[in-house]
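Trainee: Could you show me how to read helix packing in a model like this one? I would like the general idea and then the case at hand.

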Amino acid sequence: MTIAAEEEMPGVKRRSSLIRSPQFSSLVILVVLLAVFAIADANFLSPLNISNMMAFLPELGIIALGMTLLLTAGEFDLSVGAVFGLAPVVVMLLVQSGQVDIGMALLAGLLLCVAIGTINGLIVTKIGISSFLVTLSMLLVVRGAALYITQGFPLKSWDQPGFFVTLLAGSFNIGSFRFYTSLWWFVGLSLLAIYVLHYAKLGNWISAIGSNRNAAVARGVPADAVKIWLFILTSVLAGLAGMISAFRISAASPVAGTGYELEVIAMVVVGGTALTGGRGTILGTIVGALMLRAIRNGIVLIGVPGLAYNIFVGVIILAMLILHALLQKNAARS
């Protein structure tokens, strides 16, 4: 083999590895979907429609970032949708009581999320109950608490101009496109998550725990502490997303976030993160979030009933799981 050929091999291997990666296949499917919807309806790529899609995408995307890290560690959290609804409800109730200003109320809401995540993490790691059962139970507790303290009625959110409204729900224009500050939250948190998962020691710990917890512990990785902090992070991000949403629409509903837990997990899995742990990709999660939002928006534009959305999502998830499994088998043979 010539020297030139030997030097070319690493580049070929990198390209081959990229093409076989789950996030690349997800990106290809996203591009195909965007093209199909754009051809089917010219309004799909209009500034107004793109602005509408991007208004809601960051809120679910922020939750998906935490879920990606948690799934990579081999756990998941079904209570995020309920936390999304409870956190802003608590904030608004504290503000409406007249004894707490908006800043302290937001802090109290985030501390509540920390408490919920801590309880989830401690029960899963110290008692050894499956995260599926623990967080499913927490979903019922949190959702029930939100309904009880509001008697089932939505609350008017904080809509007075000020620092926190601008910080969480301010808007800005880029040409004909209108975006919310939640987009900057999503971008910043995505960059931080990419660094943590792919470049920091913590990311190695998270992947090692998800791949083989016993081996990771034997190497000195504090598996329980890492998982507890990931449960806390996931709950805090869900609460933050709920507050952003409540400020954006000027309403805090106790049923907000219903079903979000499954949609977020779908975004993460479609993006290429392994449901069984050990492999995670933030870029794939971003692609998955874009894909599901594009599907929800596109099927309505082309005239498909919105109630059929779950059918499309289910088919996409199954297709992606099969594709990812085939890619893994091919990689293992190679």
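Mentor: Happily! Let's begin with handedness: α8 and α11 cross in a left-handed sense. The residues in contact are Ser-182, Trp-185 and Leu-189 on the α8 side, with Leu-237, Leu-240 and Ile-244 on the α11 side.

Trainee: What else describes such a pair?

Mentor: In general, the angle between the axes and the distance between them describe two packed helices. Here the axes of α8 (residues 182-199) and α11 (residues 223-249) come within 11 Å and cross at roughly 160 degrees. Angles over 145 degrees count as roughly antiparallel, so that is how α8 and α11 run relative to each other.

Trainee: At what angle do α3 and α13 cross?

Mentor: At roughly 140 degrees, with their axes coming within 9 Å. That angle makes α3 oblique to α13. The crossing of this pair is right-handed. Among the α3 residues meeting α13 are Met-53, Phe-56 and Leu-57, while the α13 side includes Ala-289, Leu-290 and Arg-293.

Trainee: And how should I read the nonpolar core?

Mentor: Nonpolar side chains tend to be buried together in soluble globular proteins. In this structure, the largest nonpolar core has 90 residues, and Ile-63, Met-67, Phe-247, Met-291 and Leu-292 have the most contacts inside it. Helix α3 (residues 47-72) supplies the largest share of this core, 13 residues.

Trainee: How confident is the predictor?

Mentor: Remember that this is a predicted model. The chain's average pLDDT is 86, and 91% of the residues score at least 70. Residues 1-9, however, have a pLDDT below 50, and this stretch has two contacts beyond near neighbours in sequence.

Terms used: Residues are numbered from 1 along each chain as its sequence is written. This is a predicted model: local features need pLDDT of at least 70, side-chain atom pairs count only at pLDDT 80 or more; totals for chains, interfaces and linings use all residues. Side-chain values use heavy atoms; hydrogens and water are left out. A nonpolar core is a set of buried Ala, Val, Leu, Ile, Met, Phe, Trp, Tyr and Cys residues joined through side-chain atoms within 4.5 Å. Buried means under 20% relative accessible area, exposed over 50%, partly exposed in between (1.4 Å probe, protein chains only). Helices (H or I, at least four residues) and strands (E, at least two) are DSSP runs, numbered from the N terminus. pLDDT is the predictor's confidence in each residue, from 0 to 100. Contact means heavy atoms within 4.5 Å. Axes are lines fitted to C-alpha atoms, for helices over the stretch in contact, and angles run from 0 to 180 degrees between N-to-C directions. Angles under 35 degrees count as roughly parallel, over 145 as roughly antiparallel, 65 to 115 as roughly perpendicular and the rest as oblique. A crossing is left-handed if the near helix is turned anticlockwise from the far one by less than a right angle, and right-handed if clockwise.
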